[in-house]
Amino acid sequence: MADSGSVSTKRMWCSIPEKFQLHAAMLALQFGYAGFHVVSRAALNMGISKYVFPVYRNIIALLLLLPFAYFFEKKNRPPINFNFLCQFFFLALVGITANQGFYLLGLENTSPTFASAVQNSIPAITFLMAVILRIEQVKLNRKDGLAKVAGTICCVIGATIITLYKGPAIYTPSNHLNNTSTMINEVTTTTPMIDFWKMSLGDAKGKNWILGCVYLFGHCLSWSAWLVFQTPILKKYPARLSVTSFTCFFGLLQFLVIALVCERNAQAWLFTSRGEIFTILYVGVVASGIAFAVQIWCIDKQGPVFVAVYQPVQTFVVAFMASITLGEEFYLGGIIGAILIVVGLYFVLWGKSEENKFAKEQLAIGSSTTEHSNIRSTSDAKEPPLNEPLLSSSSENVGIKILN
């Protein structure tokens, strides 16, 4: 019964168009990443070491990915060599060590909402990198190329407005905030979940905000480079889960060296509360294990720009979670920026769709032309040339013998 149910579920998923699967996977991934911002801030507020935190995160991700990579790609995995190992090491250095390290340093000096807003620059950075490396083709004389450029610019402008312009408050959930504060004050015994939500989205007071912005910009550069560099590696080594597992392994080794050098307190490796365990498990399973697998699948199917352009969705989700949990207000700048981000997202996705249609049309025209030329050459080969006699040499010999 269980096998038949799993088979029917697999058939139902396979019957869904791949385009819908990709969009659904990326939307779900943004919700998971939005929770990651909250959980990571909570972990730092609880006192978890920023050097130990990514070590445990990548251990969980590696344990989650390794069995699937080994069994599912056992027959199709290309042989490994030193060149591939160097590429995986570099991919881990950019996409895990620099990416996660800069993010934690930036989040420590800012807030989750601001970190999510800064990440909206990732689509533009990824787009520029992909164009420079000729991974993404942009034809400015076609409507799909203009749409991708215009959409990327809209996303950047929207992210800039969210970051720099606050404006008047449009929505103030004061009643919700008062009710939440009253409920928390009335609770005599504080539970771990209430502690978690009370401290999760707090701003970093007394920290260096400018330095935090610099760290977050380095995080965005690293993430964009990671998305772009995966494309040529996947073409040479098309085992997606194995690439992700090797990347997590080398990232774990790099963070382990950093933690052993920088973290002098042995107690930092121990967890003392259920909240700390929850943050590690969430970040390792959702934000690393599942997210890496989904991301690399979408990159393999649609390219790095498709994955990066969904990044602004996180800002909406983080703002919504902040409003629900802590009663944060919605401001005019955020609403204007959100509208521009949605418009930019639509333009980029529409441009990608038109580009795929154009590529399929060109492929169909090329195949039909090749087929037609093959048929023509075959028919020409069957017709005897005019400059040769109609009778073969054997026929001539027979005629000569008869005459004799």
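Here, buried means under 20% relative accessible area, exposed means over 50%, and partly exposed is in between (1.4 Å probe, protein chains only). This is a predicted model, where local features need pLDDT of at least 70, side-chain atom pairs count only at pLDDT 80 or more, and totals for chains, interfaces and linings use all residues. Residues are numbered from 1 along each chain as its sequence is written, and side-chain values use heavy atoms, with hydrogens and water left out.

**View 1. The whole chain has 16 helices and two strands.** Helices (H or I, at least four residues) and strands (E, at least two) are DSSP runs, numbered from the N terminus. Of the 404 residues in the protein chain, 42% are buried. Now take contacts (heavy atoms within 4.5 Å) between residues at least 6 apart in sequence: 90% of them join residues at least 24 apart.

**View 2. R142 and D144 pair up in a salt bridge.** A salt bridge here is a side-chain nitrogen of Lys or Arg within 4 Å of a carboxyl oxygen of Asp or Glu. In this pair the closest N and O atoms are 3.0 Å apart. Is each partner buried or partly exposed? R142 is partly exposed, with a relative accessible area of 21%, while D144 counts as buried at 4%. The count of salt bridges comes to five.

**View 3. K143, E354 and K357 are linked in a network of salt bridges.** Between E354 and K143, the closest N and O atoms are 4.0 Å apart. Because E354 lies in helix 15 (residues 332-382) and K143 in helix 7 (residues 143-164), the pair ties together parts that are 211 residues apart in sequence. K143 is exposed at 52% relative accessible area, but E354 counts as buried at 17%.

**View 4. K50 and E108 meet through their side chains in a salt bridge.** The N to O distance is 3.6 Å. K50 sits in the loop between helix 2 and helix 3, and E108 in helix 4 (residues 82-109), so this pair ties together parts that are 58 residues apart in sequence. K50 is partly exposed, with a relative accessible area of 23%; E108 is partly exposed too, at 22%.

**View 5. T279 is tucked into helix 12 as a buried residue.** Helix 12 covers residues 274-302, and T279 has 0% relative accessibility. Which backbone oxygen does the side chain of T279 reach? That of E276, at 2.6 Å. The C-alpha atoms of T279 and A42 are separated by 7.6 Å, though these residues are 237 apart along the chain.

**View 6. Q30 in helix 2 (residues 18-46) is buried.** Its relative accessibility is 1%. Leaving aside neighbours within four places in sequence, Q30 is in contact with Y310, Q311, V313 and Q314.

**View 7. Helix 6 (residues 122-132) has buried residues including I122, P123 and F127.** After helix 6 comes R134, whose phi is positive, near 65°.

**View 8. L64, F68, Y70, F71, F72 and I290 make a nonpolar surface patch of about 640 Å².** Patches are made of residues with over 30% relative accessible area and no salt bridge; like charges are joined within 9 Å, nonpolar side chains (Val, Leu, Ile, Met, Phe, Trp, Tyr) within 5 Å. Helix 3 (residues 52-72) gives the most to this patch, with five residues. L64 is found in helix 3 and is partly exposed, at 31% relative accessible area.

Conventions: Accessible areas come from the Shrake-Rupley method with a 1.4 Å probe; for residues, only the protein chains shown count as cover. A polar contact is a pair of N or O atoms within 3.5 Å; within protein, one must be able to donate a hydrogen and the other to accept it, and residues adjacent in sequence count only if both atoms are side-chain atoms.
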